[in-house]
Amino acid sequence: MKKNYLLFFTLIFLIFSHFAKGQTLTFTSDAGSLWNDGIATDGEGGSIDISGLTIEIYNVNDALNNIVELEWKSNVDLAISPDNFAGLTTFTVPYGSTLGWKGQIIKEASGLEFQINAFDWFDWGNYNEQSMIVTGFKNGLEVATTTFLGNNSGNRVPVTLNSDFDSVDEIRILTASGTTYPAINNIEIASAVLSTKANLFTEVKVIAKNRKFISNTKGAVIEVYGLLGQKIENENLLSGIYIVKVILKNGKSIALKRYL
């Protein structure tokens, strides 16, 4: 019996560790009608399906609204040489304007945190080292920011993000001024680095009672997830290891590994 338990938890650890190391979303084809809403999701367009997360990518205008136009374009379409880059973009300019658009947004559909480490970027309309701002958000609050310069030639720009982006639920890649004509691909996603420093926000304690998790903090919202990121009802839980997310009244959140 002990061997079976050991095998089970070893398997869970290996699966969780694989996701924690990260996976790269590389889009290799257009998903057709799936993108009629202007949103690409992991698992579409030849990309991998990241277990436990639904990563969405879309183009936005100045008001940060989805412009409802998204396509995958090949290296031939983008006329890039010599690095053969292809990616998510659109050749349909918003609202019939002769201008480009503000940038792109990457977010998790249900607000789960993730880690983003890198992506490849190419502006096919501007070869002028366009100044870009990357901002990370969690629960509507800004938690990370950095900048990079766009391409000044026909080659992609690899962008690497620091540890500030280890736990976000949305990032915005926006031009600092003017407009951009962006294409993005090879987006490196990993599991969020979970905070265990509850005392940074309040003296939050999470305990197991009557086969569910509860908090000592009045008004806190408890969400429970399996190790692969799937959301679980916080009622009549089986014995096991869970990630418990506590959302406080002030909008702050923490995630703790808990055993039941």
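**Reading contacts, cores and strands**

Reader: Which residues does Phe119 touch, not counting residues up to four places away in sequence?

Author: With those sequence neighbours set aside, Phe119 touches Val134, Phe148, Val157, Pro158, Val159, Leu161, Ile173, Ile184, Asn185, Asn186 and Ile187. Please keep in mind that this is a predicted model.

Reader: How many residues does the largest nonpolar core have, and which of them have the most contacts inside it?

Author: A residue qualifies for such a core only if it is buried, that is, under 20% relative accessible area. Here the largest nonpolar core has 37 residues, and Ile106, Ile116, Phe119 and Ile173 have the most contacts inside it.

Reader: Which strands each supply at least two residues of this core?

Author: They are β3 (55-60), β7 (114-123), β8, β9, β10 (157-160), β11 and β12 (182-191). The largest share, four residues, comes from β7. Another core, of eleven residues, lies apart from this one; Val206, Leu237, Val244 and Val246 are among its members.

Reader: What is the order of the strands in the open sheet of six?

Author: The order is β2-β3-β6-β11-β8-β9, and the pairing is antiparallel. The edge positions belong to β2 and β9 (141-149); each has a single partner strand, so one side of each is left without a neighbour in the sheet.

Reader: How many bridges join β8 to β11?

Author: Strand β8 (residues 131-138) and strand β11 (residues 170-175) run antiparallel and are joined by six bridges. As one example, Gly136 has Ile171 as its bridge partner in β11.

Reader: I should like to turn to the loops. Where is Leu34, and with which residues is it in contact beyond four places in sequence?

Author: Leu34 is in the loop between β1 (23-25) and β2 (40-41). Once neighbours within four places are left aside, Leu34 is in contact with Ile39 and Glu44. A separation can also be read between C-alpha atoms: those of Leu34 and Gly45 are 9.1 Å apart, while the two residues are eleven residues apart along the chain.

Reader: What is the sign of phi at Leu64, and where is this residue placed?

Author: Leu64 is not a glycine, yet its phi is positive, about 65°. Leu64 is in the loop between β3 and β4 (71-73). With a relative accessible area of 28%, Leu64 is partly exposed, as its value falls between the cut-offs of 20% and 50%.

Reader: Is Asn210 buried or exposed?

Author: Asn210 counts as exposed, at 66% relative accessibility, the cut-off being over 50%. Asn210 is found in the loop between β13 (206-209) and β14 (212-215). Although Asn210 is not a glycine, its phi is positive, about 55°.

Note on methods:
Residues are numbered from 1 along each chain as its sequence is written. This is a predicted model: local features need pLDDT of at least 70, side-chain atom pairs count only at pLDDT 80 or more; totals for chains, interfaces and linings use all residues. Side-chain values use heavy atoms; hydrogens and water are left out. Contact means heavy atoms within 4.5 Å. Two strands pair if DSSP finds at least two bridges between them. A nonpolar core is a set of buried Ala, Val, Leu, Ile, Met, Phe, Trp, Tyr and Cys residues joined through side-chain atoms within 4.5 Å. Buried means under 20% relative accessible area, exposed over 50%, partly exposed in between (1.4 Å probe, protein chains only).
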